[in-house]
Amino acid sequence: MPGHPLDRLSDAFISLIARVMTRVNPKWLERNRYKLEEWRLMLYALNRSPTGIAGLILAMGFVFIGIFGPYIAPHSYDFSYIAATGKYKLYWLAPPGTGGAILGTDDLGRDLLSQLLYGARISLVVVALVLPVGISIGVILGLLAGYYGGAVDEAIMRVTDIFLAFPGLILALALTSALTMRIAYAIANNPWLTSFVSAVFALKPSDALNIAPTLAIIVALWLVWWPGYARLVRGMTLQQKGNVFVMAAQALGMSSREIMFKHILPNILGPLLVFMTLDVGNVILVEAGLSFLMGGQIKIPEWGAIVQHGSQYLVNGAWWLLIFPGLAILLAVLGWNLFGDALRDILDPRTRRSIEFR
Amino acid sequence: MTNLKRFLIRRFLTFIPTLIGVTLLTYVIAFIIPANPARFWAGGLKARPDVIQMIIHEYHLNDPWYVQYYYFMKGILTNSMIDPVTGYHVMSYILSRFPITFQLALFGFFFTVVLGIPLGIISALKRDTWVDALVRVWSLIGVSVPIFWLGYIFIYIFFYKLGWITIAGIPYPPKTITGVPIIDAILEGAWPVVIENIKRFILPGFTLGFASIGVVARLTRNAFLDALNSDYVLFAKARGLKKLRVYGHALKNTMVPLVTVLGLQFGGLLGGVPITETVFGIPGMGRAMVQAIFSLDFPVLIAGTFMIAIIYVVTNLIVDILYAFIDPRVRY
């Protein structure tokens, strides 16, 4: 295998893992030597996939800005140049580069760059809250349906069919508007919830009520997200169920729960991981689409809502209010998609070989 | 064929719980919205009490939920229910908007097929070259682009800057045959109306189909490569068939997985319709449903989801039937 400049970095990373894990549990290295070696090969394969590297950089960039964006933003998300300086003519729809506003300002004189940086945090929180819950529901139901079969399978799959036949965006939108008021009441009535939510989203406590639509979107996406996973995991479970090791486990008298989670789940984790990576992008995209459709109802800097707001000023030639937020969404989603696409090739041993020996 | 008949009957029977489930789910969501629909439908804050009473009586709003659901579905299916917000018969309202959405999806589907399949074939023939890599990255960009953003960029360039397209109104031909404007216009030979329709729908269609182009290209590529690597292609080559004939054989087998994906993509296109219609101001079903959600117009919402669920199950059924025609190994 020809050398690659990044390979030494990968080696260092693998030995770091080995050292840390040995510190935690001295016997770990002994038991997982082969696993570690496989990881090293995976990293080598990743090094040879330029799109994968590009995706990883973009994806990590999204996570980084999602965490630290609000702290590196030049201004607060609700800071207005017009209110601060009184120069209405200068800062009303100011093009990029005008008097300190790197990406320009909107119709209220707010700094676009700061809004986008705060928006990254909102997107990241949405992804971090939607995926684990949605996937857990889907995986558990899929495992149950695939493993038990029969009436359980039939019941779970009928419900899944109903959700899949439902137009996802409409379902999520309807749920969002159904839940927004209730969530707003809950936030208003619980002071600790107010401070918690505004801290998580890095927004001012006075804006806590405006987060309610976003929280409603999160709950709505929980309900929209699981059916795809239920169907996927059911199919993979059916495949695994025929394997000898499952029969052996059954013959040994293991409980069904143990077989499902300790023997079937680890074997389907690879393809599942690829799906999850690609789905990070999907969540960002769907959430942006929903906040776009909600438009004026969303009063916090969500990327989709910023595009919707900016689109009203296209007539005034304010292209930056459209291009930059859309570009932010595109790059974040594209990063995860590129990375997931490379991951699919890397995790599949057949295609990994072809990358290694390229 | 008797088997096909039995298969169809079985499938139609499974439709029923799905459709009931979908409408019931919409109904439940609609009625957990913490608002008083009767007061809202009667005109909001200043609604007269007797009008509110009338609406409660008319729509059975004081009855238990299953009775309400029964009357809703009965009213929608027999088209006897009048929509409190728009004043039309609910089902007529949805059905009058369906052809426009269908036309939009047709345009999107056209781009998906016309660009996606050739791109996939080229990328398979030029496997592991820069062409292949480009198509791969392109297809990933396709599924990463927020379509509302793409739509506005197109509007900015082609409407504001160049003025090539129109973004208002739907050009209808003089007579109505199928209800779908462009098909009617072609049937009647009203060519100026056809061109107007193309100018109105070409960009929304492209925007809507943008994501599927890449998906279909990727799938065509992989399926075509699988076919090219199979034994019968080797045999055809060994027999000395011309290259194009060999590709023809392989292409026919590529169709099998492709039909599934195209069917699913058509359903997926309908899912993207609410956003595209909102951006381009097309008065179709998706936009009607989005507006219905914001204006607490539950009857339209339920009728709309009912329609979309029917389209979804019917496209799946058509895909299954097409299978039997394309792949002689599949028998029902």
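This is a short talk on a predicted model of a complex with chains A and B.

Confidence first. The predictor gives the complex an ipTM of 0.86 and a pTM of 0.88. For chain B, the mean pLDDT is 84. In that chain, 97% of the residues reach 70 or more. Where in chain B is confidence lowest, and where is it highest? The lowest is helix α2 of chain B, residues 37-41, at a mean of 76. The highest is helix α5 of chain B, residues 90-125, at 90.

Now the chains, starting with A. Chain A has 15 helices and zero strands. Its C-alpha trace spans about 75 × 55 × 40 Å along the principal axes. There are 358 residues in chain A, and 46% of them are buried. Take the contacts in chain A with a separation of 6 or more. Of these, 72% come from residues 24 or more positions apart.

On to chain B. Here we have 13 helices and zero strands. The pattern along the sequence is α after α, from start to end. The C-alpha trace of chain B spans about 85 × 55 × 40 Å along its principal axes. Of the 332 residues in chain B, 41% are buried. Contacts in chain B between residues at least 6 apart in sequence join residues at least 24 apart in 70% of cases.

Next, the interface. How many residues does each chain bring to the contact? Chain A brings 36 residues and chain B brings 38. On the chain A side, the elements giving two or more residues are α7 (150-165), α8 (168-189), α12 (256-294), α13 (303-311) and α14 (320-347) of chain A. Which of them gives the most? That is α8(A), with ten residues. By class, the chain A side has 24 nonpolar, eight polar and four charged residues.

Let me turn to the core. In soluble globular proteins, nonpolar side chains tend to be buried together. The largest nonpolar core here has 185 residues. The members that touch the most other members are A:Ala172, A:Ala174, A:Leu221 and A:Ile329. Helix α12(A) gives the most to this core, with 17 residues.

Look at A:Ile329 on the model. What does it touch, leaving aside neighbours within four places in sequence? In chain A, its contacts are A:Ile284, A:Leu285, A:Ala288 and A:Trp303. In chain B, they are B:Pro146 and B:Trp149. So A:Ile329 is one of the core residues touching the most other members, and A:Ile329 is also in contact with chain B.

Now a helix pair in chain B. Two packed helices are described by the angle between their axes and the distance between the axes. Helix α11 of chain B covers residues 243-280, and helix α12 of chain B covers residues 285-294. They pack at an angle of about 90 degrees, with their axes 7 Å apart. That angle makes α11(B) and α12(B) roughly perpendicular to each other. From α11(B), the residues in the contact are B:Val273, B:Pro274, B:Glu277 and B:Thr278. They meet B:Met285, B:Gly286, B:Arg287, B:Met289 and B:Val290 in α12(B). By class, this contact has five nonpolar, two polar and two charged residues.

One last residue, B:Lys252. It sits in helix α11 of chain B. Is B:Lys252 buried or exposed? B:Lys252 counts as exposed, because it has 12 C-beta neighbours inside 10 Å. Now compare its position with B:Trp41. The two are 211 residues apart in sequence. In space they are 56 Å apart, C-alpha to C-alpha.

Conventions. Residues numbered from 1 in each chain as written. Chains lettered and ligands numbered in written order. Predicted model: local features only at pLDDT ≥ 70, side-chain atom pairs only at ≥ 80, totals over all residues. Contact = placed C-beta atoms within 7 Å. Helix = DSSP H or I, 4+ residues; strand = E, 2+ residues; numbered from the N terminus. Nonpolar A, V, L, I, M, F, W, Y, C, P; charged D, E, K, R; others polar. Buried ≥ 20, exposed ≤ 12 C-beta atoms within 10 Å, placed from the backbone. Axes fitted to C-alpha atoms, helices over the stretch in contact; angles between N-to-C directions. Parallel < 35°, antiparallel > 145°, perpendicular 65-115°, else oblique. pLDDT = per-residue confidence, 0-100. Core = buried A, V, L, I, M, F, W, Y, C linked by C-beta atoms within 7 Å.
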